[in-house]
Amino acid sequence: MGHALGLAAAASRAGDVPVGALVVSAAGEVLGEGVNVREVEQDPTGHAEVRALREAARHTGSWRLADATLVVTLEPCPMCAGAMLLARLRTVVFGAWDPKAGACGSVWDLARDGRANHWVEVVAGVREPECSRLLLDFFRERRLR
């Protein structure tokens, strides 16, 4: 999560919402990483999780990331939770809950929906205070401008 927090801080410095994500193999190797680029690239799909999953798939040569874990500073949204399911991830580890758009247990629970053909193990609240603080500080500063 420390690495993801560093990525999130970099996104904030670039002017985007501070979310950082990485995909890690079962052996602990970083397969891909990403930061939010929605504002920077004006890309509605420019979420850190999607970028990390894409990079991991390129790195491994396969869209199937069955033994991998996604580590992200904010609970994934429905789009990102869907991408996790499609990539057949084993686990997602996230820091801050997203009470407005979270899809791994707060608003929705797509990651563990029994109707899907795949489920992702969810580990929530890892270093939550630090992850939340990055987001709160970012949006507080934006409102002061």
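# Legends for the close-up views

**View A. Helix 5 and the elements around it.** The buried residues of helix 5 are covered by elements that include helix 1 (2–13), strand 3 (69–74) and strand 4 (91–96). The model is predicted: local features need pLDDT of at least 70 and side-chain atom pairs count only at pLDDT 80 or more, while totals for chains, interfaces and linings use all residues. Residues are numbered from 1 along each chain as its sequence is written, and side-chain values use heavy atoms, with hydrogens and water left out. Helices (H or I, at least four residues) and strands (E, at least two) are DSSP runs, numbered from the N terminus. Helix 5 covers residues 128–144, and its 17 residues reach 24 Å from the first C-alpha to the last, close to the 24 Å expected at 1.5 Å a residue. That expected span is 1.5 Å times one less than the number of residues in the helix.

**View B. The two sides of helix 5.** Cys131, Leu135 and Phe138 are the buried residues of helix 5. Down the axis of helix 5, these buried residues fall within an arc of 60 degrees, so they line one face of the helix. The arc is taken from the directions that lead from the helix axis to the C-beta atoms. An α-helix has 3.6 residues a turn, so residues three or four places apart point the same way. Pro129, Arg143 and Leu144 are exposed on the other side of helix 5. Buried stands for under 20% relative accessible area, exposed for over 50%, and partly exposed for what lies in between (1.4 Å probe, protein chains only).

**View C. The salt bridge of aspartate 67 and arginine 90.** The structure holds seven salt bridges, each being a side-chain nitrogen of Lys or Arg within 4 Å of a carboxyl oxygen of Asp or Glu. In one of them, the side chains of aspartate 67 and arginine 90 meet at 2.6 Å, N to O. Aspartate 67 sits in the loop between helix 3 (48–60) and strand 3, and arginine 90 in the loop between helix 4 (78–86) and strand 4, so the pair ties together parts that are 23 residues apart in sequence. Aspartate 67 is partly exposed at 44% relative accessibility, and arginine 90 is partly exposed at 46%.

**View D. Further salt bridges, with aspartate 113 and glutamate 130.** Aspartate 113 and arginine 115 meet through their side chains in a salt bridge of 2.6 Å, N to O. Aspartate 113 counts as buried at 18% relative accessibility, whereas arginine 115 counts as exposed at 76%. Glutamate 130 forms a salt bridge with arginine 127, with 2.8 Å between the closest N and O atoms. Both partners are partly exposed, glutamate 130 at 39% and arginine 127 at 38%. Arg133, Asp137 and Arg140 are joined into one network by salt bridges that share partners.

**View E. The largest nonpolar core.** This core has 41 residues, and those with the most contacts inside it are Val23, Leu70, Met84, Leu89, Val92 and Cys104. A nonpolar core is a set of buried Ala, Val, Leu, Ile, Met, Phe, Trp, Tyr and Cys residues joined through side-chain atoms within 4.5 Å. The elements that give two or more residues to this core include strand 1 (20–24), strand 2 (30–35), helix 3 and helix 5. Residues up to four places away in sequence aside, cysteine 104 touches residues including Met84, Val92, Phe94, Trp97 and Val122. Contact is counted for heavy atoms within 4.5 Å.

**View F. Strand 3 between its partners, strand 1 and strand 4.** Six of the six residues of strand 3 are buried. Strand 1 runs antiparallel to strand 3 and is joined to strand 3 by four bridges; two strands pair if DSSP finds at least two bridges between them. Leucine 70 in strand 3 stands opposite valine 23. Strand 3 and strand 4 run parallel and are joined by five bridges. Phenylalanine 94 in strand 4 is the bridge partner of valine 72.

**View G. Helix 3 and the loop after it.** The end C-alpha atoms of helix 3 are 18 Å apart, which agrees with the 18 Å that its 13 residues should span at 1.5 Å a residue. Ala48, Glu49, Val50, Ala52, Leu53 and Ala56 are buried in helix 3, and what covers the buried residues includes strand 1, strand 2, strand 3 and helix 4. Glycine 61, just after helix 3, takes a positive phi of about 80 degrees. Alanine 66 lies in the loop between helix 3 and strand 3 and is partly exposed at 41% relative accessibility. Leaving aside neighbours within four places in sequence, alanine 66 is in contact with Ala87, Arg88, Leu89 and Arg90.
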